[in-house]
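This report walks through a protein model, beginning with one pair of facing residues and widening from there to the sheet, the cores and the chain as a whole. Please keep the sequence and the structure in view while reading.

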Amino acid sequence: MDMSDNSTDSDDAALDQLADILDDTTLQITGNQYARYFWYGIVVVVTIFGICNAAQKITLRIRLNNSAKHPDNVTTIPQNLFDQVIATVSAILREASYPQISIPGIFSFVEVPPLGTIIVLVVYLCFVLALEFIQDHISGEQHFQALGTRAAWLAVAQMPLVVMLINKNNLIGYITGSSHSQLMILHKWVARGLLLMATLHFGYQSYGWNSYGLMQLEWDTDDCPPTGMGAYALLLWINLSTLAPFRKLSYEFFVAQHIITFFGFVIALMLHLPSTALYSRVYVYIPVAFYLVDMLLRGLFWVYNNYRQTSAQLVPLSGDVTKIFVRRCNIKNWTPGAHVLLSIPSFGPFQSHPATILNRPSPDSDEMVFLLKRKSGFTRRIHRVQKFLARKPIDEAPSEGNAFRAFLEGPYSSSNSDFAAFDTVILIAASTGVTFTMPVLSDIASRAASASLPVKQIEFVLIFKNVTDLKWIEDELNQVESDLATTRISLRIRLFITSDKNMLDQAQSSDSIETEKVSLQDKSLLEKYNIIYERPDLEEIILNTVKSARGETGIAVCGSMGLLSKTRRVVAKISDRRGVHKGSGAQGIYLHTEGF
């Protein structure tokens, strides 16, 4: 017998065996089925969160309406058995979801999500893994091929979710009431879930081919392995580049390469998907369509916001902070805590910086006000100009002499509840985090001046490095005090100064701490505000305030990760210790956090 005939027969047998293993006539149907199951689960979860969001908004609206009709009543407590059950369940879920840890030292860049987010992510991971492994009845040569094929379908099925979670015009955000920053965390981890499924897809199929000695033959006769490796390499880089050390090197570069790499991944994936299951490409078309629609909407809103020339005036303030007044804005309405993407081409063409709107909307004004602290890139370049402007008197009003062309995108609302619907409000801000809490306070004061609100007391806590930093919000505080003067709302402002010890000792031994420089309405800050030269004891502040609350307390905190995580732990601890809505009579505590 000719040896070449034996070799040919062996090759033909190997090709036939490989063809049998790769036959996805049944496997693609099963994979597509579990991909649909994945989306059934996502729709159910989003619907549940949407119902909870709607219920919360309805509850707060009812409080506001009842307060308007019955100003003397406490409308922020459960009114019946059903309300009490809902309040108890909410308190339990809040206590479980609030805690968060922050890692100090050289690993401080590691951002550990709150416990509630971790629970959601663990449930998500278990759900995806369950879809991968349940009812896996295929044995024999196709066993590992079946596992790999199903993993591939589950990987590609996650692509629309990845893009939906990152879009600025976000359907999931609208339904659930979640902000872009909150969904960003889920976006990162869903992308990592996609990477996990892609890894299982590659691993199971490679193991199966290698088990039957067909690995080399598959690579020699099929385009899927090399195109798959290309797509996998891009996906791996997309995930690695989102880690904090890489992302913080240059955020502008990160965003640019992230978008380019994503579309490279899309192209590689389209080349990789087998011709026998071209309908799987629908999971690629959908996210691309979502992204393009989002960009189109953002472009249209951008044109509307900027068709009239807006100008930005810069006012230098203490602490490397610049107060920016953007005038002739077409944006007329926004909610407290909303932010825009601010672009000033003079300080960086094609760059936009997120900036929280400090002032509240007014029918008599077309102005937006922002506070930006020097860090790097865009804000560093602004600070360089600020050094020149600092030669002018600090109280000088913004003038056309320091005006720059500005562009605005947004506004994009925060996910916080309406703080005007709580009995007691605690607002805590560190440094420029005041750009979030100040609008909340201004909104309550403005509405309280013309209508009865459930709010009875407000604790406004500011954590600054220097006393003069209060100049950042001097005008806004004066307006709030004027609005609240005729209301029954009690406002307590506490200013904590955390500068170095020598300055503290000097301040504590002197009755004139730059009185003229930091005066508000011709009064010393020492006389007008409760100034404390130490770091705040958050547990004492929050505990003493909630003890005096007759109804539910709303807490907003904006600052560094350390401040946010500490506040979360304190609120969870106080809620559990006081037995909130568990028969003790203690009322609920709602917490919203914003980081910078």
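In this predicted model, Pro316 of strand β1 stands opposite Thr322 in strand β2. That pair belongs to a longer partnership, for β1 and β2 run antiparallel and are joined by seven bridges. The two strands form a hairpin with three residues between them, and in this hairpin Gly319 takes a positive phi near 70°.

**Strand β1 and its surroundings**

Strand β1 covers residues 310-317, and because eight of its eight residues are buried, the strand is largely enclosed by the rest of the structure. The cover extends to both directions in which its residues point: Thr310, Ala312, Leu314 and Pro316 point one way, Ser311, Gln313, Val315 and Leu317 point the other way, and all are buried. Besides its pairing with β2, strand β1 is joined to β6 by four bridges, again in the antiparallel sense, and here Gln313 has Ala403 of β6 as its bridge partner.

**The six-stranded sheet**

How are the strands of this sheet ordered? The order is β4-β3-β6-β1-β2-β5, in an open sheet of six strands with antiparallel pairing. The edges are formed by β4 and by β5 (368-373), each of which pairs on one side only. On average, and with direction ignored, neighbouring strands of this sheet are turned by 40° against each other. As a general matter, strands of a sheet pair through backbone hydrogen bonds, either parallel or antiparallel. The table lists the pairings in this sheet, each with one pair of bridge partners.

| Strand pair | Bridges | Partner residues |
|---|---|---|
| β3 and β4 | four | Leu341 and Pro354 |
| β3 and β6 | four | Ser343 and Phe407 |
| β1 and β6 | four | Gln313 and Ala403 |
| β1 and β2 | seven | Pro316 and Thr322 |
| β2 and β5 | six | Ile324 and Phe370 |

Strand β3 (residues 339-343) is mostly covered, with five of its five residues buried. Its two faces are both covered, since His339, Leu341 and Ser343 on one side and Val340 and Leu342 on the other are all buried. Its partners are β4 (residues 353-356), which it meets in the antiparallel sense, and β6 (residues 403-412), which also runs antiparallel to it.

**Two buried residues in loops**

The loop between β2 and β3 contains Cys329. Is this residue buried or exposed? Cys329 counts as buried because its relative accessibility is 0%, where the cut-off for burial is under 20%. Leaving out residues up to four places away in sequence, Cys329 touches Arg308, Thr310, Asp366, Met368 and Leu408; of these contacts, Thr310 is also one of the buried residues of β1. The C-alpha atoms of Cys329 and Asn306 are separated by 7.7 Å, although the two residues are 23 residues apart along the chain.

A second loop residue, Ser241, lies between α10 (224-240) and α11 (244-247). Ser241 counts as buried because its relative accessibility is 2%. Not counting residues up to four places away in sequence, Ser241 touches Phe246, Arg247, Phe254, Gln257 and His258.

**Nonpolar cores**

In soluble globular proteins, nonpolar side chains tend to be buried together. In this model the largest nonpolar core has 73 residues, and those with the most contacts inside it are Met438, Ile444, Phe460, Leu462, Ile473, Leu477 and Ile542. Helix α15 (residues 434-448) supplies the largest share of this core, with eight residues. Apart from this core lies another, of 45 residues, which includes Tyr34, Ala151, Ala157 and Tyr283.

For Ile444, the contacts that remain after leaving aside its neighbours within four places in sequence are Phe419, Ala420, Val425, Leu453, Val455, Ile458 and Ile489.

**The chain as a whole**

The protein chain has 20 helices and twelve strands, and of its 596 residues 48% count as buried. Among its contacts with a separation of 6 or more, 78% are accounted for by residues 24 or more positions apart. The chain exposes about 29000 Å², and carbon and sulfur atoms supply 61% of that area.

Conventions. Residues numbered from 1 in each chain as written. Predicted model: local features only at pLDDT ≥ 70, side-chain atom pairs only at ≥ 80, totals over all residues. Heavy atoms only, no water. Buried < 20%, exposed > 50% of the residue type's maximum accessible area, 1.4 Å probe, protein only. Contact = heavy atoms within 4.5 Å. Areas by Shrake-Rupley, 256 points an atom, 1.4 Å probe, with all protein chains shown as cover. Pairing = 2+ DSSP bridges. Axes fitted to C-alpha atoms, helices over the stretch in contact; angles between N-to-C directions. Core = buried A, V, L, I, M, F, W, Y, C linked by side-chain atoms within 4.5 Å.
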